[in-house]
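Please open the model in your viewer and keep the sequence panel beside it, since each stop on this tour begins with a selection.

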Amino acid sequence: YTIYTDGAYSFQKNTGGIGFVILNNDNKIVAQFAKSYKNTTNNRMEQMAVLQALNSIKVSSEITIYSDSAYVVNTYNEGWKSKEKSNSDLWKGLDEAISKHSSVKFVLVKGHCNVEYNEMADRLARGAVAKSVSKGITKFRL
């Protein structure tokens, strides 16, 4: 699977949101998801988007995750996690989710540069914040 994730946060609403899009090996969308969270941060939303996306794939798979969050991608690709103290609950959850799959690769993409599915994940995350979607909007065909 290929996954595009994004997180968003509104200081005014004290609300964050996540969005992700999952593509199968034929590059077809098989899942989209958006949800909002109160009392959070942008970094937590970036982590939560990846965590929720990984946990939505129930069968051990080869996964490539595209994210515009250097915080998330570099933590895994550059070994930042050993230095990272904040959000330890989510790092632990991510480690557990990653361990359930045969391989998980992280790729950093530049945000807001017309990468189609990254833009879609961004719209889902921002839409969740705007609408305060606490139960999640889901379209799955996994």
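## Salt bridges and helix packing

In this predicted model, the count of salt bridges comes to two. Begin by selecting Asp89 and Arg44, whose side chains meet in a salt bridge with an N to O distance of 2.9 Å. This pair links distant parts of the chain, because Asp89 belongs to helix α3 and Arg44 to helix α1 (residues 42-56), and the two lie 45 residues apart.

Next, select the whole of α1 together with α3, which spans residues 88-99, and look at how the two helices lie against each other. Their axes come within 9 Å and cross at roughly 25 degrees. Angles under 35 degrees count as roughly parallel, and α1 is therefore roughly parallel to α3. Where α1 passes α3, the crossing is left-handed.

To see the contact itself, show the side chains of Arg44, Gln47, Met48, Val50, Leu51, Leu54 and Asn55 on α1, and then those of Asp89, Leu90, Trp91, Gly93, Leu94, Ala97 and Ile98 on α3. Coloured by residue class, the residues of this contact divide into nine nonpolar, three polar and two charged. Arg44 and Asp89, the partners in the salt bridge, are both among the residues that make the contact.

Now keep α3 displayed, hide α1, and select helix α2 (residues 70-77). How far apart are the axes of α2 and α3, and at what angle do the helices pack? The axes are 13 Å apart, and the angle is about 60 degrees, which makes α2 oblique to α3. The crossing of α2 past α3 is right-handed, whereas that of α1 past α3 is left-handed.

For the side chains at this second contact, select Tyr71, Val72, Thr75 and Tyr76 in α2, which meet Trp91, Leu94, Asp95 and Ile98 in α3. The residues of this contact divide into six nonpolar, one polar and one charged. Trp91, Leu94 and Ile98 of α3 meet α2 here, and they also take part in the contact with α1.

Finally, colour the chain by pLDDT, for which the average over the protein chain is 90, with 90% of the residues scoring at least 70. Select strand β4 (residues 62-67), where confidence is highest at a mean of 98, and then strand β6 (residues 137-140), where confidence is lowest at a mean of 55.

How values were computed:
Residues are numbered from 1 along each chain as its sequence is written. This is a predicted model: local features need pLDDT of at least 70, side-chain atom pairs count only at pLDDT 80 or more; totals for chains, interfaces and linings use all residues. Side-chain values use heavy atoms; hydrogens and water are left out. pLDDT is the predictor's confidence in each residue, from 0 to 100. Helices (H or I, at least four residues) and strands (E, at least two) are DSSP runs, numbered from the N terminus. Axes are lines fitted to C-alpha atoms, for helices over the stretch in contact, and angles run from 0 to 180 degrees between N-to-C directions. Angles under 35 degrees count as roughly parallel, over 145 as roughly antiparallel, 65 to 115 as roughly perpendicular and the rest as oblique. A crossing is left-handed if the near helix is turned anticlockwise from the far one by less than a right angle, and right-handed if clockwise. Contact means heavy atoms within 4.5 Å. Ala, Val, Leu, Ile, Met, Phe, Trp, Tyr, Cys and Pro count as nonpolar, Asp, Glu, Lys and Arg as charged, and the others, Gly among them, as polar. A salt bridge is a side-chain nitrogen of Lys or Arg within 4 Å of a carboxyl oxygen of Asp or Glu.
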